[in-house]
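Ready for a few short exercises at the bench? Open the structure, try each task yourself, and then compare your reasoning with the worked solution.

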Amino acid sequence: MKLLLELFTDYTLRNVALGAALLGIVSGVLGCFAVLRRQGLLGDALSHAALPGICVAFVLTGSKAPLVLLAGAGLAGWVGTLLINRIVRDTRISEDSALGIVLSTFFGLGIVLLTWISKHNNANQAGLDRYLFGQAATLVASNVVTMAVLGGVALLVVLLLYKEFKLLTFDPAFAASLGFNTNRLSIGLTTLIVVAVVIGLQTVGVVLMAAMLIGPAVAARQWTNRLSMMIALAGLIGALAGVSGALISVSDHHLPTGPMIILSLTVLVLVSLFFAPARGLAWAWLRQRRQRRAMRAGRWQSKLKQGGQS
Amino acid sequence: MSTMLAIILTGVLVSSACALLGCFLVLRRMAMLADAISHAVLPGLVAGYFIANGPNILAGFLGAAAAGLITVLLVELLKNTRRIGGESAIGIVFPAMFALGTFLVSRYFTNVHLDADAVLYGNIEFVNFDRWFIGSTDMGPQALWVMGGLCVLNGLFVALFYKELKLATFDAGLAAALGFSPVLIHYALMGVVSVTTVGAFTAVGAILVVALMIVPAATAYLLTDRLPLMLGIAVLCGSLAAVLGFWVALALDASVAGSIAVMTGVLFGLALLWSPTHGLIAKQRRRARQRLHFARQTLLVHLLHHEAASNAAAENSVQHLSGELRWTPELARRVVETALRAGLIEQDAELLRLTAVGREQAQANLQTRALFTSAAVA
Amino acid sequence: MSTLPLKINDLTVAYHEQPVLWDVDLSIPAGVLAAIVGPNGAGKSTLIKATLGLVPAAAGSVEIFGQPYAQQRKLVGYVPQRSSVDWDFPTSALDVVMMGTYGQLGWVRRPGRAQRELALHCLEQVSMADFAQRQISQLSGGQQQRVFLARALAQNAQLYLMDEPFVGVDATTERAIIDLLHNLRAQGKTVVCVHHDLESAPEYFDWVVLLNVRTIEAGPMAAVWTPENLARTYGGRFHTLQRSPAAEVVG
């Protein structure tokens, strides 16, 4: 209760909560398309690939301004996606191997650069390694404004091209037959996912960002059969997980933000999977048990009848 | 043993152990499952320590291996609910496991030497300091023994179950029909992957384990079509990356594990571009050659189709080719030129005619295709 | 309309430089129900996809009412194979049918009341109006196929290209599709269907294209549907097929 009150008065707390909520909304919305296109793990590869981008941006500019570092992250994430696409399209290596290759080698490069920077730049890298697990407590108002602008643009594009993205996700061949440039649409959607990842790096970190895209979408899907509703719910669930995780983490400085957000999110996903009204697993199990019992009872009855007749 | 030698040897052993299993992961399209397992190690270690009431190595090892298997099981369970797709299931389970691990570490083990950074990077740099003593005899670096053991274990696993692994990888249905349960093989493989991941990650960290499992195997997959050769090349690539990575790290004074991962990537990049069979450059060249050959055959078939028709004069003119076949004038010119030179067609002013050889080839073209399709029907 | 709804000239399509269609020439006159028939791997679906520009042609051209497809999109309706999409997608039958209007709407503009009413009307034509709000995974295979047909109707086209609309549907749906095809023909529209069932083809369609990588024969059903032509199409194995109890080539 005290925490909730501080939410409106405490400067740090307000920034943290706002930042985490923003991240949750943007990644929840875009994650819906990623999950429905069966590209959930692309976000994982993207976020890992972003790490060397952060480092290179820092080495080149010497600046630790989030905007600079995030630009580097976005660029590297983009390069990673292009590589994955190229490998899948032009070789016999399957998509999941291509994801694994880009993810692990880019991340390796990021770690090499991180350790190199720490030894050659007067141990001045303290700001960089927080991108591994995220540290929401370090968010300041200008960070939140950056996130809001980036996320706002991404959401605006989704709003404008909702019809096109929906068609692309459901039936790309039909979309192409209608004359929509599915190639460009697809690249556009991936770019928006890169933006969502970039927004999340400061708060959740590269390691766990994948869940921020996948979790809210999967949870939301259980509650509704309509895409527009799923997107809205995913944004809400993402925001809820973001805020609660960030607040838990701020309340105890030992707890890193990213993992706390992901744990909150996991709880929401599990609750949705089990207890969502129509698709909930719990209800399905109950139904099954009732049926089985009814069947057993039926068998008993017929057995009794037979017994009575003989 | 010198520190340098110990590090290099550990690196080579880790890469070899990982590369052997990686081949099957790549072929079975389970690369990201390996990624998931590697993230589950952390909570497993913590749980092991928790039960053993301290940083007990054996307990940690068992806990982590169990956590790896639990991850695989959870992914399967989630997938089987048919409420989420396979890749979403992976993407939910492993972050949750890893987050749980970091949470437990920061809550209960802040004093123990186990932090998330070490989980990600590993500390192969210090292998020579962590030594194994039997009684008071110094047996050498502990990691060397662990990784050597895992190498032997994986080598034995692949050698003993080679036939089963191969069958289950390429034809799960046949394997099941022959009495080799694909499910059993799947979990056996995942069990070995889990144990290897745990052993390897203390040395090189979670992400590098993934790099060493997947990237050398994928590199080998670009270089050969035969499984035994693929296993050999993968081990070689992994070992080479370990040695190269060490030197680069030394030169840059940077993370050894990271450098090794980058080197696996560099080797993969080289194979991606220059593999004689599956490389992008070879493919590009072959495609250009095939395109011309194919265009020539198209021309022959086109001429054959229209030579009896009343409008043959119009259909089979050079000009018509770029018009009707939608070829650029340049492509049309090259195709006609090479076909003329090969004696497949002859040119009479603007009109193109098949030679006897050309007609035979055109008919053969149609026939082989038709035979092939009727075989498919039967 | 005097020009042909569909005219294909010397079309060659290759996957990995392996020819799937080889120098195909084809003309479909207006107002016919045409079946594309041929063995497995004959390139039937590819012919449709190449017509729509979904797969690149190595050579040749396609004309829709005398113009390239890119300029005539609004005259063409497309029914893809039912198995080509994920039916667990969170959307309703009505929503899917409205997608048929997206081409007319163009970029950014949203479907409104007019599109909604058109979609409902199209669902009625395939007797699916009662299922408009149903989530698509809760429809039977035949009902899903009818939703796809309704979506093509919503395109309000002159020429319809359908990829195996009869595969895996129930008797009711089969009846509904045939009625719909006859309706379309009565309105002077042209339909081209990939069809795999040799037994029903002469009954349902009045025009036929026998395809096996190249056009073997094409024309009115009565003239073209002969055992000799079918034997040529199926590589001499047609007789064995015909004698088998289910004269059906699995597509």
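**Exercise 1. Two helices in chain B**

Find the residues through which α13(B) and α16(B) meet, then describe how the two helices pack.

*Solution.* Please keep in mind throughout that this is a predicted model.

Step 1: list the contacts. From α13(B) come Leu292(B), Ala295(B), Arg296(B) and Leu299(B), and they meet Leu331(B), Arg334(B), Val335(B), Thr338(B) and Ala339(B) of α16(B).

Step 2: sort them by class. The contact of α13(B) with α16(B) has six nonpolar residues, one polar and two charged.

Step 3: add the geometry. Helix α13 of chain B spans residues 280-306 and helix α16 of chain B spans residues 329-341; their axes are 9 Å apart and the packing angle is about 80°. Angles from 65 to 115 degrees count as roughly perpendicular, and that makes α13(B) roughly perpendicular to α16(B).

**Exercise 2. The largest nonpolar core**

Work out where the largest nonpolar core lies with respect to the two domains of chain B.

*Solution.* Step 1: look at the core itself. The largest nonpolar core holds 315 residues, and Ala50(A), Ile193(A), Ile214(B), Ala217(B) and Val97(C) have the most contacts inside it. Helix α2 of chain A (residues 11-36) supplies the largest share of this core, with 17 residues.

Step 2: bring in the domains. Both domain 1 (3-255) and domain 2 (282-377) of chain B give residues to this core, so the core lies between them. The C-alpha centres of these two domains of chain B are 54 Å apart.

Step 3: zoom in on one core residue. Setting aside neighbours within four places in sequence, Ala50(A) is in contact with Ala73(A), Ala76(A), Gly77(A), Val197(A), Val198(A), Leu201(A) and Val206(A).

**Exercise 3. Where chain A touches chain B**

Describe the side of chain A that touches chain B, going from residue counts to elements to classes.

*Solution.* Step 1: count. Chain A brings 47 residues into contact with 52 residues of chain B.

Step 2: name the elements. On the chain A side, two or more residues each come from α5 (95-120), α6 (130-133), α11 (209-223) and α13 (257-275) of chain A. The largest share, 16 residues, belongs to α5(A).

Step 3: classify. This side of chain A divides into 27 nonpolar, 13 polar and seven charged residues.

**Exercise 4. Positive phi in chain C**

For Asn156(C) and Glu164(C), decide whether each is buried, partly exposed or exposed.

*Solution.* Step 1: recall the background. Most residues other than glycine have a negative phi.

Step 2: check the angles. Asn156(C) has a positive phi of about 50°, and phi of Glu164(C) is near 50°.

Step 3: locate them. Asn156(C) sits in the loop between α6 (141-154) and β6 (159-163) of chain C. Glu164(C) lies in the loop between β6 and α7 (171-186) of chain C.

Step 4: apply the cut-off. A residue is buried when 20 or more other C-beta atoms lie within 10 Å of its own. Glu164(C) has 23 such atoms, so Glu164(C) is buried. Asn156(C) has 16 other C-beta atoms within 10 Å and is therefore partly exposed.

**Exercise 5. A portrait of chain A**

Summarise the make-up of chain A: how many helices and strands does it have?

*Solution.* Step 1: chain A has 14 helices and zero strands.

Step 2: its C-alpha atoms fill a box of roughly 95 × 55 × 35 Å along the principal axes.

Step 3: of the 310 residues in chain A, 57% are buried.

Technical notes
Residues are numbered from 1 along each chain as its sequence is written. Chains are lettered from A and ligands numbered from 1 in the order in which they are written. This is a predicted model: local features need pLDDT of at least 70, side-chain atom pairs count only at pLDDT 80 or more; totals for chains, interfaces and linings use all residues. A nonpolar core is a set of buried Ala, Val, Leu, Ile, Met, Phe, Trp, Tyr and Cys residues joined through C-beta atoms within 7 Å. A residue is buried if 20 or more other C-beta atoms lie within 10 Å of its own, exposed if 12 or fewer, and partly exposed in between; C-beta atoms are placed from the backbone. Helices (H or I, at least four residues) and strands (E, at least two) are DSSP runs, numbered from the N terminus. Domain bounds come from an automatic or database domain assignment. Two residues are in contact if their C-beta atoms, placed from the backbone, lie within 7 Å. Axes are lines fitted to C-alpha atoms, for helices over the stretch in contact, and angles run from 0 to 180 degrees between N-to-C directions. Angles under 35 degrees count as roughly parallel, over 145 as roughly antiparallel, 65 to 115 as roughly perpendicular and the rest as oblique. Ala, Val, Leu, Ile, Met, Phe, Trp, Tyr, Cys and Pro count as nonpolar, Asp, Glu, Lys and Arg as charged, and the others, Gly among them, as polar.
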